[in-house]
Amino acid sequence: MTTHLLNVRPYGEDPVDITWSDGVITSVVAAGTAEARPDDDVIDGRGLIVLPGFVDLHTHLREPGREDAETIASGTAAAALGGFTAVHAMANTNPVADTAGVVEQVWRRGIEAGRCDVHPVGAVTVGLQGERLAELGAMADSAARVRVFSDDGVCVSDPVLMRRALEYVKAFDGVIAQHAQDPRLTEGAQMNESELSGVLGLRGWPAVAEEAIIARDMLLAQHVGSRVHICHLSTRGSVDIVRWAKERGVDVTAEVTPHHLILTEELARTYDPRYKVNPPLRTADDVEAVREGLADGTIDVVATDHAPHAREDKDCEWAAGAFGMLGLETAFPVVVETMVIPGRLDWRGVADRMSERPARIARLADQGRPIAVGEPATLVVVDPDATWTVDPQRSPSRSANTPFLAREMHGAVVHTVLRGRPTVSEGVLT
Amino acid sequence: MSTHLLSAADLSRDEAIAVLDTAAELARISGRTVKKLPTLRGRTVVNLFFEDSTRTRISFEAAAKRLSADVITFSAKGSSVSKGESLKDTALTLEAMGADAVIVRHGASGAPHRLAHSGWIDGVVVNAGDGTHEHPTQALLDAFTLRHHLSGGEGALDGRRVVIVGDVLHSRVARSNVLLLRTLGADVTLVAPPTLLPVGVESWPCEISYDLDAALPGADAVMMLRVQAERMNAAYFPSTNEYSRRYGLDVRRANLLADEGIVMHPGPMNRGMEITAEVADGPRSVIVEQVTNGVHVRMAVLYRLLGAAEGSGDPAEPALSGSLEEAAS
């Protein structure tokens, strides 16, 4: 089977026709020059932009354990609609993904769902308890070939355990993705600690609780010569510390979520747990700092931290609400609005931060690849000018906790192609 | 006052003075043998208490009953967070019973705000204390008490100096008082160890001090906040003794106040901790009076939120009716 994607602009550059067979790109030629045979599939790209399929380093698919909130099938459907061709399923499921058995199950369920590659993230410690290392090697050697390990949701706060984990994963080129949150400084924390938290009477989550752990982990990674990845960095101080560490040659990478690129703590004034997330929404100055960091490459990737929650876990008072918000379907438009339209990232930059670098960090060989002959036809076609309104009713996600309810978004995913097979066509799941 | 009373910031200066004036009218009636008014006859007021607070609950109960409302008390302690019935289901139940007003005390900051804005209920919501956020009727009763002693029982509190001492970080009373007393023109100074002041307190409309002896001289009133001894275990201060020495109110300190200066406490007190028994029971203390005033102020709030909205019903007392009508307009 041969497919032609006609008249698309790779990275927003000159229009081309792209042809693939058996999932591999066989030709990239000037637009209007591809020769289609009658039984070939043809997709009209309408001069839209084509990028390598997006790769999410940070996704909560909730399966196994909370299939009422999301499943691997429903989450990967949302991912495909968001332009993602690979997601990393976080380990804080029930049971926790801390054994080869659980990660292989998640990996297989991803293959069955078929809409998006699912790479399980392995827990760093048994049961996310922060007490002893999980069998990281067994997960790395399993069919799921785990390379990213994280206790996300909980910080690996014990400095000795963190040091050992950083050292241990060097044997199989793994990476520890740290949820940077000093537990003692954030006991009972509900929102960013600031002038506003004092007024609202909500226990504060101070920036230093994130920054102190990041600083420590930079130094640990340097000391043991390993690489470390910082999850959902959210403060100006964190950006400064990572920038400093990169200048010193520390092998560190960092991610920012779409919501930390666009939303601020002011939303806590509503006391609506829809806006309750960990790390919390920060100040406008922090938002500016993470945009700067993403623009200059200090922050390597945009990762969604897509965190579905059942309705009853958000339809309550703030203190009782669960932390987290949906992100897969709105990540791209947030990047368009905050980075592309203001001229802070070009389309090469978007491909780099949403596809190429996350694939490299996770050591995925067939994602985040160039759009060129011989490369996998794993692509996303986007319309940066389209506008649409967020409506959870229309999402395949089992949850509705988007912070962008009824908000108009700029930029839409039109086609998603996974190894030659369309998973989304004209904005609709295939 | 708008539709609800969630924060002391909901009250403009004129509205706050009007509530206090209404409370003063109602206080005059309470001196009579028959204390009850028919104003809220046929209306249902629900006391929804997710936290134990006997004094606030009975104060609101007494206020609603004296206005002839039907009062339902729903003590939902233990069913608040994560266990048992949710706030939403409780609210829907109350709505189904036809509550005209819900007076809510909840351990979670913002819970009354959620009740008022979630669409779960149509009734009026009165915040009777939410987490470490606000307690606006406490601030109103404090303002009423201050006005009685410092401003001849009328008008505002312009230029009066009030010192609030203690665990500001965890105090809803302090937050509401800072907002309301400032609205009424008073100058407020917060005094606490730095550990018990919230981040960003510099931006509040008040002065901040760590030194009680420096803040008290010449002040018109001092309000002592309850300090829980357990805070010591979280390293907010080293020991109760050290706290008392630095921030406790004894007779020597009370006498630093202006000649007619008064001593207040929202209760319940830790005698010997933030306040000595001599001061609590001494001539400057208006602590018991605060409790009495609580009923009048809460009557005024219910009257203005429910009675005034419905044209004040059928007041028994024409003279009172006229003045209440005027105050409510």
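Entry 1, helix α3 of chain B. I looked up which residues are buried in α3(B), residues 87-96, and found Leu87(B), Thr90(B), Ala91(B) and Leu94(B). I note here that the model is a predicted one.

I then looked down the axis of α3(B): the buried residues fall within an arc of 100°, so they line one face of the helix.

Next I asked what the buried residues of α3(B) pack against. The partners in chain B are two strands, β1 (44-49) and β3 (101-106), together with the helix α4 (111-117).

I also checked what follows α3(B), and found Gly98(B) there, with a positive phi near 80°.

Entry 2, the domains of chain A. I looked up how chain A is divided. Domain 1 takes in two stretches, 2-50 and 374-429, while domain 2 covers 53-361. I read off 26 Å between the C-alpha centres of domain 1 and domain 2 of chain A.

Entry 3, where the two domains touch. How many residues of each domain of chain A are in contact with the other? I found 28 residues on the part of domain 1 and 40 on the part of domain 2.

I then listed the elements that give two or more residues to the domain 1 side: β15 (379-389), β16 (408-418) and β17 (421-425) of chain A. The largest share of that side comes from β16(A), with six residues.

Last, I sorted the domain 1 side that touches domain 2 of chain A by class. I have 16 nonpolar residues, eleven polar ones and one charged residue in my list.

Technical notes. Residues numbered from 1 in each chain as written. Chains lettered and ligands numbered in written order. Predicted model: local features only at pLDDT ≥ 70, side-chain atom pairs only at ≥ 80, totals over all residues. Domains from an automatic or database assignment. Contact = placed C-beta atoms within 7 Å. Helix = DSSP H or I, 4+ residues; strand = E, 2+ residues; numbered from the N terminus. Nonpolar A, V, L, I, M, F, W, Y, C, P; charged D, E, K, R; others polar. Buried ≥ 20, exposed ≤ 12 C-beta atoms within 10 Å, placed from the backbone. Arc of directions from axis to C-beta.
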